[in-house]
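Subject: Model handover: salt bridges and nonpolar cores

Hello,

Here is the model for your files. Please look it over before reading the notes underneath.

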Amino acid sequence: MARRNLRPITLGLVVGSREFFNPAPALETRRQLTAQLERLGVGYSILPVEATKNGAVQSRDDARRYAAQFREERDTIDGLVICLPNFGDEIAIMELITEAKLTVPILLQASNDEIDKVDVKSRRDAFCGKFSVANNFYQYGVPFTDTTSHTCDVDGAEFAADLARFVAVCRVARGLKNARIGAIGARTSPFQTMRFSEKLLQASGLTVVTVDLSEIIFAAEALKDDAPEVKAKLAEIGAYGRIPSHIKPDAVLKQAKWTLAVDRWIEDNDCDASAIQCWSSLQNNFGCATCLTMSMMGEKLAPSACEVDVMGAVSMYALALAANAPSAILDWNNNYGREADKCVCTHCGNYPKSFIGQTPEISELDVLGTVLPKERCFGAVKGKVKAGPMTYFRASTDDRLGVVKTYVGEGEFTDDPFAMDGGIAVTKVARLRRLLGLVARNGFEHHVAMVRGQWAAAVAEATGRYLGWPTYFHRAEPDTDGFASPVFRS
C-alpha cells in the first residue's frame, strides 16, 4: 500500500445529547467510547469535555465548534462515530455533518435503556432518537453504518466488534476512494475478459497509471549485476522461499533486477496496487516470470494481479485494506469431484507467502514452461494454501450498465488434497452453485481475490454503501443474501 494509506485510522467522535436529559450518561459515554478505541488501538479526535455543555453536541453552537475542528482535521479523519446516550438533538448533529463537509463513513450508535431506570431523571429514549437522526441522514442523502443491534451498550463486547468492523470499513473506503492502480504492459491479448473501464473507475476516485512493458524491461536491463540494491534484492529473494538446486544463478539475478525495476516504478508513481502483463512477452523479451515479484509486493500489502487484471488488483487491494493482510488473485478453476460446495482455486504462482501459510518453493512456471524455454520461466511461487477461513471479493466495471459492480462472501480453505502444480487452494463456499451462476450470468471475470479471515461485511459496507457500487453479498442461507440490486441477474 502507498504510504498515505498505511497510516492508522483516526475517527472523529460525537456524543449527541438533549439538554433536558440527565447529563451523566453523556459524560459516561465519552469515557466508555474513548476507552473502547484505546483498547482497539484506534486514534480519535474529540473536543475537550469543557468545550461544550456535558461534553456533548446538543446545540447549533456545539455543532459549529465540532464542525470547525473536524474541517481542520479533514485530511486525517477517516470516519465519524456518533453515539446517542439519550434521544439526542437531530438538528445539531445534522448541522455538524453538513458544516464539517467530510465525506467519510459514519457509525451511528444509540444506548440501551434499563427497564428499572425509565423515570424522568433516568430515561434515555435513544431507541427513538436514533430514528430521528437517521431520518435526517436520509433527507440529506448521508449514508451511515448501523450497529448490530438497534441499541447497545457503549462499553459492551457487541459494540466493540461493531467498532472493529467499522474501522475496516473506513480503511477500505479511504483506500479505494483515492487509489492509484498501476497497469504495467498491454492487456494479454488472448484474455478479452480482462477488459475494464478506466472512466468508470475514475468516477469513483480510482486512477489508473499505465506504462509500457518495454520501459520496465529497459530499466531492469540497465541495473548492474553487482549494484548494492541488486545484491539486496537477491538476498531478499533467497530468504523468501526455497529455490531448487537446478535453478541457475543467472535466472535468480534476472528476477532480482525485474523485481527491483517494478518496485521502483510503483514507488515513483505512488501506486497502491498494480496489474502486470505476465505472459508471454516478459519471458520472451527479458527471460523471467513476474509471479515472484507480485508475490513479494503482495506480502508488503501492495497487491499485484496478473494478466493486467486491473479490476483484480482493485479487488485485491480492497481485501488487503479490510484485513490489513496480504491478499491474492485466483482463478475459479476446477470442480472438486462431485462435492457441490467445493472447488479448486489456482494460479501459476503469485500468492504472497503468508497467504499460502507456509514457506513456498520458487521455481519455474509449469504450464508456460511447456511451451516456452523453461529457463526463461523462473519466478513462480508454489504451494498449497493452508486451511482456514477466507473472504472472497470481485469488482468489475460494467460498461453496458455504466457501473462498477461487485460480489463478496466468505468461505474456507480446506485440507483436501489436489494433485496440481502451482498455487493451489481447495475452497469451500456454501451454496457455491448459486454463486457461480451469478458470476457467470453477470459477466464477472474468472479471477477472484481472496484473503484470510472474515471481512465480507466490512467490504460490502464500504463498496456498497460508501462507494455506491452495486454489491451482491453471498450468504450461507438464501434469505440472508444482501446488498444486491436490480443490476444483478439471478
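The notes below cover charged pairs and then nonpolar packing. Please keep in mind that this is a predicted model.

Salt bridges

The count of salt bridges comes to 24. Three pairs and one network are described here.

Lys-53 and Glu-19 form a salt bridge through their side chains, at 2.7 Å from N to O. The two residues are 34 apart and link distant parts of the chain: Glu-19 sits in the loop between β1 (10-15) and α1 (24-40), and Lys-53 in the loop between β2 (43-45) and α2 (60-72). Lys-53 has a relative accessible area of 48%, so this residue is partly exposed.

A second pair is Asp-61 with Arg-64, where the closest N and O atoms are 3.4 Å apart. Here both partners belong to helix α2 and are three residues apart, about one turn of the helix. Both ends of the bridge are partly exposed, because the relative accessible area is 46% for Asp-61 and 35% for Arg-64.

The third pair joins Asp-366 to Lys-382, with 3.0 Å between the closest N and O atoms. Asp-366 is in the loop between β12 (361-364) and β13 (378-384), while Lys-382 is in strand β13, so the salt bridge ties together parts 16 residues apart in sequence. Which of the two partners is buried, and which is partly exposed? Lys-382 is the buried one, because its relative accessibility is 14% and the limit for buried is under 20%. Asp-366, at 22%, counts as partly exposed.

Some salt bridges share partners: Lys-233, Glu-236, Asp-263 and Lys-300 are joined in this way into one network.

Nonpolar cores

In soluble globular proteins, nonpolar side chains tend to be buried together. The largest nonpolar core in this model contains 65 residues, and Leu-176, Ile-184 and Trp-258 have the most contacts inside it. Helix α12 (residues 310-323) contributes the most to this core, giving eleven residues.

What does Ile-184 touch, leaving aside residues up to four places away in sequence? Its contacts are Val-211, Leu-213, Ile-216, Val-262, Trp-265, Ile-266, Ala-275, Ile-276, Gln-277 and Val-308.

Another core, of 44 residues, lies apart from the largest one; among its members are Val-42, Val-104, Phe-137 and Cys-170.

Regards

Definitions and conventions. Residues numbered from 1 in each chain as written. Predicted model: local features only at pLDDT ≥ 70, side-chain atom pairs only at ≥ 80, totals over all residues. Heavy atoms only, no water. Salt bridge = Lys/Arg side-chain N within 4 Å of Asp/Glu carboxyl O. Helix = DSSP H or I, 4+ residues; strand = E, 2+ residues; numbered from the N terminus. Buried < 20%, exposed > 50% of the residue type's maximum accessible area, 1.4 Å probe, protein only. Core = buried A, V, L, I, M, F, W, Y, C linked by side-chain atoms within 4.5 Å. Contact = heavy atoms within 4.5 Å.
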